[in-house]
Amino acid sequence: MSVPLFILAWVVIPLILLYLSKLLWKVYLDSFKDDNCKLPLPPGSYGWPFIGNSLALARSMKSTSADYYTELTKKYGPVYKSHLFGKPMVRVRGESLIGSLMVKDHTNFGVAWMKNVKELIGPFALTNTPLPLHKERRNRVKQAFTPDALEDYTKHLRQTIEKEVKQWTKQKEIMTYDAMETLAFSAACEIIIGLPIDLLDPKKLASDFNEYLNGFFTLPLNLPGTPFNKGIKARKSLINTLHPFIQDLITGNIKRDGKIRSSGLDFIMSAHRDNEDTVTESEIADRILELLFAGHKTVASAATSLVMFLGQNPGVAHKIEKELEENDIQNISDFTYLKISTLPYLGDVIKETLRMQPPAGAMIRQASKTLEVGGYQIPAGWLVACSIKETHDFDDTWDQEDRDKFKPDRWKTLDKPYRTRYGFIPFGVGPRICIGRTYADIFLRVLAIYLVWECDIELKNPNPFMKRFPIRHPADHLPATFVSKP
Ligand code: HEM
């Protein structure tokens, strides 16, 4: 029996061509293998010609039932190849592999952002700065996160968070993730940047900032109406809004309204002055946008997960309360950075939250020479994604039997603490480790304290599906009621 001609023309031949194109795509990309290195390329699939695995990733961004990277990790193991963001990419997980790549071999990497991220974040952002200059810039930014600065921020966070938690208890139900985004954004604007938010138009600022952020998580297509194009316009609008504020910063004319003595940016500016640097308006603008970008969605994500775990585990909330009582932390005067940042159980709750739900998925770099990892080679020019979530999920640092359980007490008894150096990496590792991690930690501690003092958390859906993009968050935004304590 012969195959009808139209089936041959419209089905069989296109399928054969599709298959051949995929094969040629593989042959082409495999030809980048460095023959001077004896190791093979990692297992995996480059997806379809030119678009690589982008469609599969885009599908998974919308999914509310399966996680793309978890599936691939289960299928291929700790090192596998793919093709994303226009380049071959090798994804790596596991404390020893990540330790060797990001710490030992870190000088063999360049920054690797897509065109849109590079352009939106700006040339002066730390994340865009190549290594030799990176250290110098980073040293200035570090001045925003000294213990003295954090002591000052703790007071401000206490006021802001107490007010906010009390507001939540007056509402019937809130979308936790949305509420945390608003809180984390306004705290970052006021504390890290010191923006005179009352003098600006906060609604316009937030809406421009959201448009700006949308430009990051999309294709780098700069055509009228595309999210990238809108993101660039929003960046310009934000810089215009910030212009008078930046001028005041440069001339030293900033007047604080008494809420905060010095913002993070004031400390950074004073480090520049001490070093007699010439700082341009563009550099300050990039610094502000990067700190707001890096420092608010991440914190909102972690804060939402913290609420979720406290809601799921009322016993944990009671243990935090007990620790506060035992340490005589009962009112405002006891509320110092020094006291709160050293409470061990509260610290373990935060660590366990970040272990199970790390806000950022991976650290992405570009290999500047052929690298060897886990018995495979990564050719020069390829992207490398060091996976945070899969390291936490699959690494031997964590007991097989209970690694998927929220157990803050595990941190007390972790028998091989040295292994958690690279087995627990919510803030990254190496010279680009998160610079705002102490601020994030104290934000979460103050939030946990006010939550256990003020309310019981009732989650509408205690086990939501967690989406990975653009940052880890519950697909349903975690509707919850914060019931005021008598
Ligand atoms: C729970 C909250 C946070 C998480 C999980 C987080 C996570 C991370 C990670 C994984 C990196 C490393 C990226 C890489 O190596 O490619 C990073 C870098 C960075 N983070 Fe955070 N972050 C958080 C909060 C903050 C805050 C509050 C700020 C500032 C206010 C901040 C500012 C930055 C900056 C500027 C970098 C780039 C550092 C550099 O390149 O030297 N982050 N963060």
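This passage describes selected features of a predicted model, from its annotated N-terminal stretch to its strands, its ligand shell and its unusual backbone geometry.

In the unreviewed UniProt entry, residues 6-25 are listed under the term "transmembrane region". In the predicted model, the chain over residues 6-25 is 100% helix and 0% strand, and the C-alpha atoms at the two ends of this stretch are 28 Å apart. Helix α1 spans residues 5-30, and the loop between α1 and α2 (54-62) contains Phe50.

Strand β8, formed by residues 383-387, is largely enclosed by the rest of the structure, because five of its five residues are buried. The side chains of this strand are divided between two directions, with Leu383, Ala385 and Ser387 pointing one way and Val384 and Cys386 pointing the other way. Two strands are paired with β8 in opposite senses: β2 (residues 87-92) runs parallel to β8 and is joined to it by four bridges, whereas β5 (residues 362-367) runs antiparallel to β8 and is joined to it by five bridges. Within these pairings, Leu383 of β8 is the bridge partner of Met89, and Ser387 of β8 is the bridge partner of Ala362.

The ligand is surrounded by 24 residues, of which Gly295, Thr298, Gly428, Cys434 and Gly436 are the closest. Helices α8 (176-193), α12 (281-312) and α19 each supply at least two residues of this shell, and the largest share, seven residues, comes from α12. In terms of residue class, the shell consists of 16 nonpolar, five polar and three charged residues. Cys434, one of the closest residues to the ligand, is covered by the annotation "binding site" in the unreviewed UniProt entry. This cysteine, Cys434, lies in the loop between α18 (420-423) and α19 (437-454). Since 18 other C-beta atoms lie within 10 Å, Cys434 is classed as partly exposed. When residues up to four places away in sequence are left out, Cys434 touches Phe427 and Gly428, and Gly428 is itself among the residues closest to the ligand.

A separate description concerns an open sheet of three strands, which has the order β4-β12-β9 and antiparallel pairing. The edges of this sheet are occupied by β4 (174-175) and β9 (455-459), each of which has a single partner strand, so that one side of each is left without a neighbour in the sheet. Five bridges connect β9 with the antiparallel strand β12 (residues 479-484), and in this pairing Glu458 has Thr481 of β12 as its bridge partner. Helix α12 packs on the sheet and touches both β9 and β12, with a direction that makes about 95° with that of β9. The helix that packs here, α12, is also the one that supplies the largest share of the shell around the ligand.

Finally, the backbone departs from common geometry at several positions. Most residues other than glycine have a negative phi, and most peptide bonds are trans. The peptide bond from Phe469 to Pro470, however, is cis, with omega near -10°, and Pro470 is placed in the loop between β10 (466-467) and β11 (473-474). A positive phi of about 65° is found at Phe50, although this residue is not a glycine, and a positive phi near 55° is found at Leu478, which is likewise a residue other than glycine. Phe50 counts as exposed, because it has 10 C-beta neighbours inside 10 Å, whereas Leu478, in the loop between β11 and β12, counts as buried, because it has 26 such neighbours inside 10 Å.

Conventions. Residues numbered from 1 in each chain as written. Predicted model: local features only at pLDDT ≥ 70, side-chain atom pairs only at ≥ 80, totals over all residues. UniProt positions renumbered as here; feature names shortened; annotations may be inferred. Buried ≥ 20, exposed ≤ 12 C-beta atoms within 10 Å, placed from the backbone. Pairing = 2+ DSSP bridges. Contact = placed C-beta atoms within 7 Å. Near = placed C-beta within 6 Å. Nonpolar A, V, L, I, M, F, W, Y, C, P; charged D, E, K, R; others polar. Axes fitted to C-alpha atoms, helices over the stretch in contact; angles between N-to-C directions.
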